[in-house]
Structure formats: C-alpha cells, structure tokens
Amino acid sequence: MTPPGRARSWDSAPVALLRLDGAGAILDANDTFRGWFDDDAARELRGKRLSALLSVGGRIYWETHLAPLLRLQGRVEEIAVELRTGDTRRPVLLSAELHGAGDDDDVLINVALFDARERSRFERELMAARAEAERSAASVHTLLATTTALARATGVDGVCEALVQAAVGEFRAGSASVWLVHDSGTLVPRAWLGDGPPADVPSAALTDGQTEADVVLAPDGQVTVPLRGADALHGVLVLTPRAHAGDDALDRDALAATGQQGGVALDRAVLHEQSVSVAHELQRAMLTEHLPQPEGTRISADYRPAERSLEVGGDWYDAFWVDDTTLALTVGDIVGHGLQSATGMGQLRTVVRSYAESGVGPAGVLARVDGFVRRRRVGFGSTLVYAELDVTTGRLTFACAGHLPPLVTRPGGGPEFLWQGRWMPLGVVASATTPARAPASITADRSGLHATLPTGPEPGQGSVDLRTGDVLWLYTDGLVERRGRSLRKGLEELARAASGAPGTVDSELIASLLGGDVNEDDDACVLRLPQGPPSGRRRWWPASPAP
C-alpha cells in the first residue's frame, strides 16, 4: 500500500526517486529504486546513507564534492556515479535538490537516479569508434606518406631507403632494415635505420602455413613484413618496436599494405635499373673508345654520367680522321634524357661522321647536320661543336651550333674562349646559312671574362692556330652549369682550372671543377687535345692513314 502523503505516480515513476535527510540517510524510496535490489536489501534501505550504496569512488566524490555543493548551491544535476546493487554495479546519473537550511533534521534532499547503463554502453561504443577512427586516419596518413615516398624513390637503393625512413618516421619503430633476396637465395641487408646496425639475419622468417603476404611477429617483438612483387619475393622489411612504455603496437594491417606497395615499387625500380643499364651500355657503346692519337700529341676524354638521376643523358664525343691530314673533333649534347636521347645521340654521331668529307669544312658539316635534324626531327634543339684540325699546320677550324665555346689554354698566356662560328641549336633556325651573332672573342684573366664584339657579319666558322704546348678543350654544359651559380662564373672557374692543368684529363681536375656537387646533368664529355710536337719539325704530325 502506498504510504500516506505520497502519490501513486511517485512509486511508478520511470526513474528512481529518493528522499534523504540532511546527513544523506534514506528516508523513503520509490518502487523503481527498490526494484534494483533483492527483497532483503530493499527492506533494509531505510536509514542507510546513499553514499554507502555507491562505489568507492562515488562515495568519496559524494563526501568531498556533492554534499558540499548541495549545501552551497542547493542543486546538482546529472552527476555520473556507480550504484552497488548486490554483486553488480549500475551506472546512474544523479540529480539532487536540497530544501531547508540549518541542522540535518531541518533539511530534506530529493534525489533522482537515472539508469545510465544504455548511455554508458553508448558512450563506450562511441569512444571505441572514435579511437578506431583516429587509428584509421593515422593509418591512412601513414600509408599516404609512405606511398608518396616510394613513388618518389629512384632505383632499388632509393626504395629501400624510403622503406626504412617510413618504418622509423611514420610507423614509429625503434629501428628498421630491408633485406633483399640474393641470387643465392639468401637474405642480405640493403638498408637500415635506427639505434644500431641490423641483426645478422631476421629472427622471423616465413614458415609453413604462412603466405608471403603475412606480417610475422617474432617472440622477441621483431616484425617482419614481406616485400612481394608481381612474380617473386624481393625481400623483407624488418622492424623493431620502441621499448617505451605506453607506445602503441605497430599497425600490422598498415604494415602489410606498406609491404605490398614496397614490392610494387621494387618491381618498378628493378625494371627501371635494367632499362637504364641497357641505355648506359648503348650509350657507352656509341662513344668512341679508342681515340686516334696523332704523333706528337695526345687526345684524352672524360665522360661522367649524372649521379642524382638514373636517367641516361645525351652528352657524347667523337674523334676521327676526315682524310690523311685532317682530324675531326666533336662534342654534342642531345636535349632530354633516357633511351630516346641515347638513340638520338647515336644517330647524330653517325650523321656527323657521314657528312664530314674533305673540303666540306665545319660550317658545311653543321649545315648538313642541321638540315638532317629539321627533316627527320631527330635531336631538335641539341647543341654541337664540330672542329677540324690540320695536323700539318696546327690550324683549327670550328663551328658551334648553340654549344659552349671551345677553350684554348696556352703556356705562359691567358685562356681564350673561341666564340666565332656561332650557330643556333640544331633545327631551331629556318636557314642554316644565317648564324646568330656572338662575341668575336672572349678572354679570361684574374678580373674575369672580357668580350670583344664583332664589327661585321659573323662567318659560318672560326679558326685559330694552335702552337706547341697549347691545349684545346671541348666540353658540355654539365662541367660549368650549377644551380645557384651563373654560367659566367662557371666559365671563369673552368678557365682558371684548365690553365694550370696537365696535358691529360684526370679525375682531380674534374673534381676541382665540380666542387663536390652532386650533378643532375651529365658532367661532361671533356675532350682535350694538348699540342706537343717536337720542336724544329716543319709538320706538326706526319700524315696518318685514315682508319
């Protein structure tokens, strides 16, 4: 029966309702609250403090916060606490209102408890979903950064370096190493990053029942990620987790995706290096290996491919006999990189040889080559310097199609750049008989470069008499052009270095010109012709039979 003075709706309310005295002891409770307890406990609720029915944390919070707040504010709302109902804990939201003032006997506290089990479950699920979303976002970010690094990597070494950088930087591993499958079938280390060198052999390997796509977790915590390409396993990425407490475990799903991306990148890198190797071999095969050596002099050449890129360049050189007394010297630079440039280089080299005939001269040869380029669209915009040396007199005639000027260094004299015989790059002008104007000559000394401008139309070719001890330099732009350095400065440095150089091309000289920079273009083609005929002889070299 409902006690006098209490409405029936109070007992049937969907929330638990309580009345407490000033000390927090239960004076009355509705049926909803009593129904949360078994019969014996429900009968003993009257006179029991509400705080005694809360969890330890809830009891402390009631005594230190809720009770004082009720006295100060007279009201608290939706405070999350846990109610001990037998052997279980029931999450509830507590709201209370204090009536009266003074002693505990003059105070009445009305309390409402909302069952928050569903809300707590929802909040837990929401927090779990939020944590999963954050992990997924982090995984996507990590995979995006890793994929971008792999896409930018060049060559097998570049891919391996990108993988270990991603493992330590993005996945937060303590250390990482990449092991590739050797021809013998064993794993060999290719790249590593971390606190120490990689172990001798990865502690976890593929075993029976595992596939090459599985991420293997070893008992010592080491994680092995296979790097499988389209047709074969390239190797493995090995990660050692950080030994810091509280660090998240390595994301195995993201690591598996990274392994797949790494395998594809290695496929691409291997194919690229094979193509580059073929192109390099083709390019080397088309360069003149055994230069003609007239009596009393020595022709030397140095070719250095670009180091930063695996692309094949189009720089080339050649030297051959036109007739018994005329030696042809040529250096060129094909526009672009890659196999197409290498094949274009071979075509131009062959065309120059075929058009070089006795009596044609450098201007005539360039006119023929320019016409070939315009007709066939091979090597458009490329540059070329072609020179012919009369070995009986030492006279050099030359023409330059957009190419950097030849350099002559003389014993006891200043270096001289030969700016005569200037043409536009191959195929650029409509008529090869109207070459571009250029300085007649440029000399260099300690104060820099000094130009003498022509007073009339520029002829199609230039000439200079080489004397005993003179050195002729033919080179490509990779020797003098650098980012952050003007062409003028590069030419000045070349002139200074060449003036004190011996009569052959050597590594120290090239290194001094490069200044330790990593070149992005072919560093040259440097072709040097030092003159050194015996004194007292009428002819510089005896006539030599054409090969």
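Me: Is Asp115 buried, partly exposed or exposed?
Reply: Asp115 counts as partly exposed, at 35% relative accessibility. Here buried means under 20% relative accessible area, exposed means over 50%, and partly exposed is in between, with a 1.4 Å probe and protein chains only. This is a predicted model, where local features need pLDDT of at least 70 and side-chain atom pairs count only at pLDDT 80 or more, while totals for chains, interfaces and linings use all residues. Residues are numbered from 1 along each chain as its sequence is written, and side-chain values use heavy atoms, with hydrogens and water left out.

Me: Cool. Which side chain does Asp115 meet in a salt bridge?
Reply: That would be Arg90, at 2.7 Å from N to O. The cut-off for a salt bridge is a side-chain nitrogen of Lys or Arg within 4 Å of a carboxyl oxygen of Asp or Glu. This pair links distant parts of the chain, with Arg90 in strand E4 (residues 88-99) and Asp115 in strand E5 (residues 108-115), 25 residues apart. Strands (E, at least two residues) and helices (H or I, at least four) are DSSP runs, numbered from the N terminus.

Me: And Arg90, buried or exposed?
Reply: Buried, at 12% relative accessibility.

Me: How many salt bridges are there in the whole structure?
Reply: The search finds 17. One of them joins Glu82 and Arg89, whose closest N and O atoms are 3.4 Å apart. Glu82 is partly exposed, with a relative accessible area of 31%.

Me: What does Arg395 pair with?
Reply: Arg395 forms a salt bridge with Asp465, and their closest N and O atoms are 3.0 Å apart. Arg395 sits in strand E15 and Asp465 in strand E21 (residues 462-465), so this bridge ties together parts 70 residues apart in sequence. Arg395 is partly exposed at 37% relative accessible area, and Asp465 is partly exposed at 37%. Elsewhere, salt bridges that share partners join Arg75, Glu77 and Glu97 into one network.

Me: Back to E15 for a sec. Where does Thr397 lie?
Reply: In E15, which covers residues 395-401. Thr397 is buried, with a relative accessible area of 17%.

Me: What is Thr397 in contact with?
Reply: Leaving aside neighbours within four places in sequence, the contacts of Thr397 are Pro362, Tyr386, Ala387, Glu388, Gln461, Gly462 and Ser463. Contact means heavy atoms within 4.5 Å.

Me: New topic: which residues of H6 are buried?
Reply: Among them are Gly155, Val156, Val159, Cys160 and Ala162. Leu163, Val164, Ala166, Ala167 and Val168 of H6 are buried too.
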